[in-house]
Each structure stands twice: as C-alpha cells, then as structure tokens.
Amino acid sequence: MSADGNNNKSGSKELPKQETKRLDLAKVDPKCAEWMDDCIKRLNSLYNNTGTDICNIMSGFEIIAIIRLVENIFMDESNLCEAEAPIKVVGDIHAQFQDLNRLFDLIGRVPEEKMMFLGDYVDRGPQGIEVLMLLFCLKIRYRDRIFILRGNHETASVNKIYGFYVECQMKYGVGIWWDFQSCFNRIPMAGLISKKVLCMHGGLSPELVSLDTIRNIPRPCEPLDRGLLIDLLWSDPTNKGEGWFHSIRGISYMFGKAVVEQACKTLDIDLIIRAHQVVQDGYEMMTGRRLITVFSVPNYCSQFTNAAAVVCLNANLEISFQQMLPPPLPPTAKAKAAPSIANDTNVENAKADKEFIKPYVKV
Ligand SMILES: [Mn+2]
C-alpha cells in the first residue's frame, strides 16, 4: 500500500493480470440485458442534447421498474460493499449529468473501467433523475463493475429541500420521489476496496469500532439525527486539531489526524477515501496521508471554480488521480475558489502530500 509512501512496491510491473470472472447478465438474463442496453443508449442520447428531456425517452413506469430491480441488487450486497482494485473512485455528482458524461469521456466508462461512486447523485443540479437512472442501469447491467454508495443527499429530509423533490415533481410527479426514497434506504452505506481502502460519503464515526459495525447495520435504514449512519454520511475531516469536534454543519462531527490514524489501526486499513466537500483541485490529501477527499464535478453549483477529479487505485493499491479542469467562466461570474479542508497547515507539507498522488497513467 502506498498511502504512507514507505512500503511502495518498486515500479508497477508486478500488476497481476488475473481479472476475476465477470458476471455476464447477457448470459443469465438476456432480455433484461437487452432492456438495460437500450435504456443506457437512450440515456446517453441526453448527453450534449438540450432538445430532449428524460420524460421523452423514459416513462415513470419504466423508472419504477428500474428502481425495484436495482434496490434488490443493493440488498444482495453487504452494507459494507466489497470490491477489488483496480478501480476508480468517484465523488459527488450533484445532478450534473452533463458533467458526469464529460467525466466518463475522460476516465472511461463502465464496464471497461470498474468504478465506485461515493454518493450525492441528486440535488443542487438540474438532472438528478438522469444521473440516477444511468448509474442504476449500469448497476443492473454490470453489477460487479460499478459500486454505488449512499450520500447524505440520498436521504428524504435532505433531498426534499435541496432540489430533487421539485425535480421529481416537475418531471414525473411527486409519487416517484417516494419510490426513490425507498431505494435510497437500501443503498450500501460504505465500501471496502481490496480489504484495505475504506470508502464512504462523509467520514468516520465514534461508533465505528470494527468493519462489522457497518456490515451489521440492518436495511432498509433511514439516517435520522445522530449516530453511525449519520456520521458515515455527514462527518468531515479537519486539520484544526487531533480529536473529535462538533461540526460547523450542526450535525455529526469533525475528526482530526489522530482519529484517522487510530481508525486505520483499529480497522486494519491503509487509506480512507471520502467525498462530501468541494475541493479546488477535485481531490485533497488530508495531513497524515491517510485520507483523501474526492469531488467529481467541476464548477460546483456555478459557485466555485473547482476542478473535478477521480481517485484511481491500481492492482497494487497505488494511488493516482485523473482530473477534469473547469471550463472558463464568463468574467461576470461570481464563482470563487473552494477552500482547503484538512490538508497540512504548513504549505510546503501540504504541497508534498498532494504531489504524492501522481497523475494516472494507463498500464
Ligand atoms: Mn454530501
């Protein structure tokens, strides 16, 4: 593992060629595979196309059928959903469907690339249903090539307020919003890559004493106001101290470097990858090099000038990144740079930590 830079295997030559046997839906259920291929094709037609609306290519009944199918697949997985590297880890999308597709143009698509998504598919942007439908159809079609985790916006109390409810109401009627909530309550809360990299939307929790704590969370589950579920979706790293702090969000906690290092020991993991906060370069290494924040759409809400990035883990769990720079904004735009979050307070150290993650090179 390369998170601490000490035990890097020399070079990348020993990448194992073996790829675990892929599950082929076309062989198991050819009709369903054909249906999903057709859905994916229709959804892809919405990329760079402002002339067609999702309502013209997908009925409400079809959406509900897809929701029912995918929620059964989520329930088949562990609440700590396990995947093997090589894999690309994707952060917040926030209904920016066009940007998600631009990102795929850069990083490749499922099934050629294996991906894990860290949540926040809806709210803020205009095309949350489109984002969900594309990811859900890919999940049904290639369930062992894409892993979908839950974000804090995949909860009813949040997406009722921040845009998704109104989007559902405008496009299909409010009934479908309830179908989505029942599905969200079944999405896995965290992921584990090659037994060593823990992924979640928000962060750590004082209640996270073993990985089984996550595996044992019964579903469907609805995060309410405090506790493990809320922390996994809401907590944030900080460089302002070592321990646990009250969060400026008014929910969950902030945790310092010592908490991260202790968690890595207790849980026997090397690295934590989480999303949940916009970062200027699309990724940020926390001080201590044990936690990465990733954010995967540019110009978040048109309020920031941030780039988008994904974290790539190769078969040896060496870390790299792919980055999508934001398009230039008009001079009148009021967008600003995203603040730094939990990187080292010493500028030189922060730079070294960040440069420790190299750009992705395809092998
Ligand atoms: Mn979030």
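How many bridges join strand 10 to strand 12, and do the two run parallel or antiparallel? Strand 10 (residues 271-274) and strand 12 run parallel and are joined by three bridges. The model examined here is predicted, so to speak, throughout: local features need pLDDT of at least 70, side-chain atom pairs count only at pLDDT 80 or more, and totals for chains, interfaces and linings use all residues. Residues are numbered from 1 along each chain as its sequence is written.

Strands here are DSSP runs of E with at least two residues, helices are runs of H or I with at least four, and both are numbered from the N terminus. Strands count as paired if DSSP finds at least two bridges between them. On the strand 10 side of strand 12, I272 has L291 as its bridge partner. Strand 11 (residues 283-285) also pairs with strand 12, here in the antiparallel sense and over three bridges. Within this pairing, Y283 is matched with V294, and M285 with I292. Strands 11 and 12 form a hairpin with five residues between them, and in its turn G288 has a positive phi of about 105°.

These pairings belong to a wider arrangement. Six strands make up an open sheet of mixed pairing, in the order 1-5-6-10-12-11. Its edges are strand 1 (80-83) and strand 11, each of which pairs on one side only. On average, neighbouring strands of the sheet are turned by 20° against each other, direction ignored; the axes behind such angles are lines fitted to C-alpha atoms (for helices over the stretch in contact), with angles running from 0 to 180 degrees between N-to-C directions.

In a regular strand the side chains alternate between the two faces of the sheet. Strand 12 (residues 291-294) is covered on both faces, with L291 and T293 buried on one side and I292 and V294 buried on the other. Buried means that 20 or more other C-beta atoms lie within 10 Å of the residue's own; 12 or fewer make it exposed, anything in between partly exposed, and C-beta atoms are placed from the backbone.

V294 also appears in the largest nonpolar core, a set of 103 residues in which V89, M116, L149, C199, V294 and V311 touch the most other members. Helix 6 (residues 128-141) gives the most to this core, with ten residues. Such a core consists of buried Ala, Val, Leu, Ile, Met, Phe, Trp, Tyr and Cys residues joined through C-beta atoms within 7 Å.
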